[in-house]
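User: I'd like to go through the aromatic side chains and helices of this model with you. Can we take it one question at a time?

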Amino acid sequence: MCDDAQICFAEVVAGSAAWLSRGLSCVCAQRRESDARPSFDLTPSEEECLQRLQNRIDIAYDSSIPEHQEALRALWNAVFPEEELQGLISEQWKEMGWQGKDPSTDFRGGGFISLENLLFFARHFPKSFKDLLWKQEGDRSAWEYPFAVAGVNITFMLIQMLDLEAENESAFDLLYCIAFKLMDRQWLAMCASYMDFNTVMKATRHQLEREFLLEDITRLEELPSYSLLTL
């Protein structure tokens with residue numbers, strides 16, 4: 001059982017199989033015996049990209065690996081280009097919404113890909129990223145969700161809820177950006193505070209499911225929630 005004061009994502013994401021019902025250009029679905037939704041065959045290139053994505057998902061964050069260290073520094077530099085980072089373990093990280101001075105302790109749920117997702121978001125949609133980080137939109141709660149930790153947990157939610165099979169490996173990263181922005185929109189619409197985080201995540205998941213079931217959706221960029229993103 002999770003303490004009520006904790007953000008418990010086992011509760012948020014428990015219990016569903018893949019739900020995608022259409023073969024998108026970047027996200028396809030495989031049929032299961034218990035699932036009446038259509039299935040789609042994958043091309044060799046799609047199979048290859050899927051395997052690369054699965055390999056990314058399987059990598060745990062390791063603070064001893066130089067590539068992981070550099071990615072963490074790159075995230076800091078993307079967000080705070082004029083503020084020098086004192087170290088990979090520093091009180092400065094709390095400015096970004098990590099729970100403590102060592103971000104690596106927050107990566108357990110999402111792995112290294114959760115850091116890659118945050119970095120992709122910061123680089124490709126910097127305005128949306130900073131709007132979320134600084135909570136610049138809407139009437140905010142006095143007890144807000146921690147930005148970076150929420151980002152890791154969104155990665156974890158997407159991994160749990162989707163079987164992603166991609167022509168373009170970056171589809172997962174783009175879907176992450178859409179989901180993060182959608183989550184914040186749901187947060188504002190529900191006038192939520194920290195204790196409502198699990199409820200907001202469930203609402204975000206349900207909205208993504210509804211959007212994937214819309215007619216004539218062939219690309220992630222055609223999802224209604226994609227329009228929330230700004231460069």
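User: Let's start inside one helix. How many residues apart are Tyr176 and Phe180?

Analyst: Keep in mind that this is a predicted model. Tyr176 and Phe180 both lie in helix H7. Their spacing is about one turn of the helix, that is, 4 residues.

User: What kind of ring pair do Tyr176 and Phe180 make?

Analyst: Their ring centres are 5.9 Å apart, which falls within the 6.5 Å needed for a pair. The planes stand at 85 degrees, and anything over 60 gets its own label. So this pair is edge-to-face.

User: Is Phe180 buried or exposed?

Analyst: The cut-off for buried is under 20% relative accessible area. Phe180 comes out at 0%, so it is buried. Its partner Tyr176 also has a value of 0%, so Tyr176 is likewise buried.

User: Phe180 pairs with Phe121 too. How are the planes of Phe121 and Phe180 arranged: stacked, edge-to-face or tilted?

Analyst: The centres of these two rings are 5.8 Å apart. Stacked needs planes under 30 degrees apart and edge-to-face needs over 60. Phe121 and Phe180 sit at 55 degrees, so the pair is tilted.

User: Which helices does that pair link?

Analyst: Phe121 and Phe180 are 59 residues apart, so the pair links distant parts of the chain. Phe180 belongs to H7 (residues 171-189). Phe121 belongs to residues 112-124, so the helices are H7 and H4.

User: Which residues form one aromatic cluster with Phe121 and Phe180?

Analyst: Tyr176 is one of them. The others are phenylalanines. The full cluster is Phe121, Phe125, Phe129, Phe147, Tyr176 and Phe180.

User: How many of the 13 residues of H4 are buried?

Analyst: The buried ones include Phe112, Leu115, Asn117 and Phe121. Enough of H4 is buried that it is largely enclosed by the rest of the structure. The count is 10 of the 13.

User: How far apart are the end C-alpha atoms of H4?

Analyst: With 13 residues at 1.5 Å a residue, H4 should span 18 Å. The model agrees with that expectation. The end C-alpha atoms are 18 Å apart.

User: How are H5 and H7 oriented to each other?

Analyst: Helix H5 (residues 126-133) packs against H7 with the axes 11 Å apart. H5 passes H7 in a left-handed crossing. The angle is about 40 degrees, and the two helices are therefore oblique.

User: Last one: which ring does the charged end of Lys135 sit over?

Analyst: The charged end of Lys135 lies 4.3 Å from the centre of this ring. The ring belongs to Tyr145.

Terms used
Residues are numbered from 1 along each chain as its sequence is written. This is a predicted model: local features need pLDDT of at least 70, side-chain atom pairs count only at pLDDT 80 or more; totals for chains, interfaces and linings use all residues. Side-chain values use heavy atoms; hydrogens and water are left out. Rings of Phe, Tyr and Trp (its six-membered ring) pair if their centres lie within 6.5 Å; planes under 30 degrees apart count as stacked, over 60 as edge-to-face and the rest as tilted. Buried means under 20% relative accessible area, exposed over 50%, partly exposed in between (1.4 Å probe, protein chains only). A charge sits over a ring if NZ of Lys or CZ of Arg is within 6 Å of the ring centre and within 35 degrees of the ring normal. The expected span of a helix is 1.5 Å times one less than its number of residues. Axes are lines fitted to C-alpha atoms, for helices over the stretch in contact, and angles run from 0 to 180 degrees between N-to-C directions. Angles under 35 degrees count as roughly parallel, over 145 as roughly antiparallel, 65 to 115 as roughly perpendicular and the rest as oblique. A crossing is left-handed if the near helix is turned anticlockwise from the far one by less than a right angle, and right-handed if clockwise.
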